[in-house]
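Work through the exercises below with the model open. Each task is followed by its solution.

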Amino acid sequence: SSDLDRFVPRSGPAFYAPTGALPVPSSLAGDVVAITGMDNYQRDLTEAIVSANGVTPGQMTSFYDISPLRSAGLDGSGETVIFPEWAMPPASVLEAFAAKFNLPPFNVSVVSNAAAWGAPATSSTQGYYDLAGEAALDLEVVHGMAPGAREIVYETPNPAALPNMLKAIVDAHPGAILSSSISMHACEQETNAKQDAVAEDAVFAQGAAEGMSIFWASGDRGVFACLPDGSSSTALDISVQPDASSPHLTCVGGTFVFLSSSGAYFKETAWGEPIEQWGGGGGVSTFFPKPSWQQAPGVGTITGRGEPDVSANADIESGWDVFEPSQNGPQEGAVGGASAATPFWAAVTALIDQDLAQQHLKTIGFANPALYFFANSPKGLPAAPFHAITQGSNLHFPATTGWNQATGLGSPDVAHLADDFAWYASTHPAGS
């Protein structure tokens, strides 16, 4: 038999519980499977994300193994990250983010050209708070990960002006890092999508040739960007985001992150929310053929440019703690999307470029040839640079071993990736 006793632990409240297995009367032995619920012990419930406001810069620094770089004094100083945006948030929004996370002030400048790209949006512009919120997310994610980096916003309210503005960016900032969460088109079926994508690709080719790292969001509707609100006459066709399909940029998809109890890496799944119909973009382009560098386990026999190339935290349930503009001032909350994963990769690149520069090595530039080279586990590679993501889907394509159309090559172990890029720069000085 067992007694119901009172227990007093060294920490925590006292509780009642049986001292052993509870006996079952022989007359009920054939009907009773188990006896439970005979204690009032207060068990702790654990969660992957501990704050309703989302993950902090410190948590993502630990999760993606950025801590060794930050401990070495790397903060992105000397590096420049540039963003094409629809609107600029008020300074008070950025100040609130920096204050919340004890970060230095932002080093941000804004470039506008009303004659060439249209007059900048203001708080009276329709949809301003959503448009400016996108820019706030970009700036804050980079600042949280690489607070010493210089940030430049090129602003236009006119999607048709984006190729010309991108050309101005590339001309003015060779060798910089470009991060975009905006696009001219959502899917390949939209009118003029191909000619606009080809025009942008010509600009990206120039940027890549001049040593620019370009990161572009894969989209937030999985493969169904044309389905709910697009202009496609074949709306059920799956599609990729055409701006992100250029073979001269790095396309970034999304994941859901699960932190360990210590805040370090536990696991990730592909970002796909079937009820809300949100997920990371991915698939194969019908506009651009598969580039020569896109060779890795999992790529297989695709004939078009496959996307995404890499991924990072994007699900809003594991979203980033940021401040966005509202009519009532800065508003804090969790925000996700490939729009968060993309500036994260830009920030990581700023940290690694700073590290390479201090070693007098060539900076990353166009990242994809090296990233796919690493994925083939070449002899001498210092460390595995990617977290393999093999669970979940982007609403259509499953995450599988190797490259896949949901998460690309995976998410970064940044300390490992930094070692790999240093090794690559030493062994491939011309980027060959």
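**Exercise 1.** Find the sign of phi at G211, just after α7.

Solution. G211 takes a positive phi of about 90 degrees. The helix before it, α7, covers residues 193–209; helices (H or I, at least four residues) and strands (E, at least two) are DSSP runs, numbered from the N terminus. The model is predicted: local features need pLDDT of at least 70, side-chain atom pairs count only at pLDDT 80 or more, and totals for chains, interfaces and linings use all residues. Residues are numbered from 1 along each chain as its sequence is written, and side-chain values use heavy atoms, with hydrogens and water left out.

**Exercise 2.** Compare the reach of α7 with the expected span, and state what covers its buried residues.

Solution. Step 1: the expected span is 1.5 Å times one less than the number of residues. Step 2: with 17 residues, α7 reaches 24 Å from its first C-alpha to its last, close to the expected 24 Å. Step 3: its buried residues (under 20% relative accessible area, 1.4 Å probe, protein chains only) include A193, V203 and F204. Step 4: their cover includes α6 (162–172), β7 (213–217) and β12 (283–289).

**Exercise 3.** Is α9 largely enclosed or largely open?

Solution. Step 1: N368, A370, L371, Y372, F374 and A375 are buried in α9. Step 2: six of the eight residues of this helix (residues 368–375) are buried, so α9 is largely enclosed by the rest of the structure. Step 3: among the elements covering them are β8 (250–259) and α10 (414–427). Step 4: S377 follows α9 and has a positive phi, near 50 degrees.

Notes
Buried < 20%, exposed > 50% of the residue type's maximum accessible area, 1.4 Å probe, protein only. Contact = heavy atoms within 4.5 Å.
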